[in-house]
Amino acid sequence: HNKLKQRGVSMAAAHSTVALIEEEASEDPWDLPELKDSGTPWSGEQNTGGKVLRVLVSVGKLLLLLCFLYMFICSLDILSSAFQLVGGKAAGDIFQDNSVLANPLAGLVIGVLVTLLVQSSSTSSSIVVSMVSSGLLTVQLAVPIIMGTNIGTSVTNTLVAMTQAGDRSTFRRAFAGATVHDFFNWLSVLVLLPLEVATGYLYIITKLIIDSFNIQSGEAPALLNVITDPLTEAIIQLDQSVISGIATGDPEARNRSLIKTWCKTFTNTTLMNVTVPGPENCTSPSLCWEDGNLTYTLKNVSETYNIEKCKHLFVGVALSDLAVGLILLALSLLVLCSCLILIVKLLNSMLRGQVAMVIKKILNTDFPFPFGWVTGYIAILVGAGMTFIVQSSSVFTSAITPLVGIGVISIERAYPLSLGANIGTTTTAILAAMASPGETLGNALQIALVHFLFNISGIILWYPIPFTRIPIRLAKGLGNITASYRWFAGVYILACFFVLPLGIFALSMAGWEALVGVGVPLVVLLVVAAVINVLQRRRPGWLPALLRSWDFLPLWAHSLEPWDRVVTVLAAKCCCCCKCCQVAPDDPEELGDECCTEPEGKTQEAGTYDNPSMSEEEEEAERVRKMELKILNSSRL
């Protein structure tokens, strides 16, 4: 509707130019909206019973909000398990090719794709740790993979933002609040990966830290998992060692199911006689003897006895891992979207009037001068602390995305909270690495410290100086685009998390010649286009007359409007086809052109009128407006 209003402004000749300028200047789409209190004021309650009822309703809403938030977090955990069942073994296969991982760009893309497959950066990181611990992968080769896991984990909150596409202004803020995390990760990799390849500074610094401190093994605390595990483990439990076993080349792991069947086992190790192919396979010459054609030796043999089965819904079911994963994927997405919608509605109901003003002031107000700069760093610490509590950056960033959408948290405040989430998830990984055995503790901890130092380096690059907070500006620009063309959000997700990584992976596999020959011209073209865009806005006089605008290019090459018309027409045809399919075959009157044409007089009911004095641009805007109204009417029907 905002788009229709903007297009209708040019057709309303009665409005003065001064009023139009004042109206546009007074409206900033990024201003936090006022959440008006539509209920009765506390002082307006006539009796004590009404006030008691209001308090009980508020407490009930708070309990419902906590319940929905709990279900939301559990659904994210189940979603991660579902993705592991669907693509976990494929993820283990991807990690097996060590020659591929030797290419830094291929390692980066593998980290992105594997994290997308399992929807858990901690799972993909644990695979990397197990490979380094077993000697199949060096720490230097693991650094780009860890950077890739940082990118892959940021897709979850971007998908969560898609559920708020119903309202343009809400979707603008929610999508920008989610993608500010994406832009930070991509820009950090763009700068730090070449720096690491050239200097190896992340490896060198973490190696010095590991060698300088006598770190003892510890145990990672299970904070929020204590609350969520009873529900999630009653639904599904996975054997995480299977994916690691496939990645490390264990042939038995490939035939095992990811679904955990036995929760209590007993392993007994005994010294017994075993046959070996020849004397060279004996444990020692003194413990080796021959009996006829057989060679025997004494060897420790471990046997595992199953004691008690797990108690979850999918124990012993006659379904494959893929089938169980698809079932859980559908159910978890349904619960996740439902909980998110209900959370947003409850927040809109609760955050009104004075309550909304207080929360907004607490979250978005800076400290007084000269300590205003401290506020952002406190937000980083808050984000790190909250992520440490929930033990998942995806959960925390996905939880604040609807708050950004409804206008409780600004983009400028969501940015440091997301940076803190990146740090919080690495501290959890550090504690988990400290639980490793003594012989593998050093390498496991070094990889966790690489992840931590990478995020700290990114914050140093893109936060301390306000001018360097480029992710905020990029996220706002993308939010403006997706508010006008909501289909572009899907294009962004597919391009950034699938097409671009796969393209880079294919070029890196083709060799450095292909990568440089294709990649360098594209990067140079993008940099030149970005510089020209900046100069067009700020210093157009520095450019030749031809480059002061992109009008010399075809319209489809510098505007989304032609693509929007294509998408609009395709969507209209799809809606018409769906409508025609729903018409009964014995209604011949309804099977004519009415399925895909606007009934006579409907456009005038919607407030549009034909005007023979319109210019070509106004007629084009009117046609697009009618098409959008046609889609709206079709969807309502």
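Here are some short exercises on cysteines, aromatic rings and a surface patch, each with a worked solution.

The structure is a predicted model, in which local features need pLDDT of at least 70 and side-chain atom pairs count only at pLDDT 80 or more, while totals for chains, interfaces and linings use all residues. Residues are numbered from 1 along each chain as its sequence is written, and side-chain values use heavy atoms, with hydrogens and water left out.

**Exercise 1. Find which cysteines form a disulfide, and give its handedness.**

Start with the rule: a disulfide is a pair of cysteine sulfur atoms within 2.5 Å. The sulfur atoms of C263 and C310 are 1.9 Å apart, and these residues form a disulfide. The count by this rule is one. Next, look at the torsion about the S-S bond: it is about 115 degrees, so the disulfide of C263 and C310 is right-handed.

Now place the two residues, taking helices (H or I, at least four residues) and strands (E, at least two) as DSSP runs numbered from the N terminus. C263 is in strand β1 (residues 262-276), and C310 is in the loop between β3 (294-309) and α13 (321-350). The pair links distant parts of the chain, 47 residues apart.

Finally, check accessibility, where buried means under 20% relative accessible area, exposed over 50%, and partly exposed in between (1.4 Å probe, protein chains only). C263 is partly exposed at 35%, whereas C310 is buried at 6%.

**Exercise 2. Work out why C67 has no bond to C339.**

Take the distance first: the closest cysteine sulfur to that of C67 belongs to C339 and is 7.7 Å away, too far for a bond. For its surroundings, C67 has 41% relative accessibility and counts as partly exposed.

A companion case is C74, which is in no disulfide; its nearest cysteine sulfur, again that of C339, is 9.1 Å away. C74 is buried, with a relative accessible area of 3%.

**Exercise 3. Classify the aromatic pairs F175–Y492 and Y415–Y463.**

A pair of aromatic rings is described by the distance of the centres and the angle of the planes. Rings of Phe, Tyr and Trp (its six-membered ring) pair if their centres lie within 6.5 Å; planes under 30 degrees apart are stacked, over 60 edge-to-face, and the rest tilted. The whole structure has 11 aromatic pairs.

For F175 and Y492, the centres are 5.8 Å apart and the planes 75 degrees apart, an edge-to-face pair. F175 is in helix α9 (residues 168-199) and Y492 in helix α20 (residues 487-510), 317 residues apart. F175 is buried at 0% relative accessible area, and Y492 is buried at 7%.

For Y415 and Y463, the centres are 5.8 Å apart and the planes at 45 degrees, so this pair is tilted. Y415 lies in helix α17 (residues 411-433), while Y463 lies in the loop between α18 (438-462) and α19 (470-484).

To finish, place F175 and Y492 in context: together with F171, F183 and F497 they form one aromatic cluster.

**Exercise 4. Identify the residue whose charged end sits over the ring of Y463.**

Apply the criterion: NZ of Lys or CZ of Arg must be within 6 Å of the ring centre and within 35 degrees of the ring normal. The residue is R469, with its charged end 4.1 Å from the ring centre of Y463. Y463 itself is buried at 4% relative accessibility.
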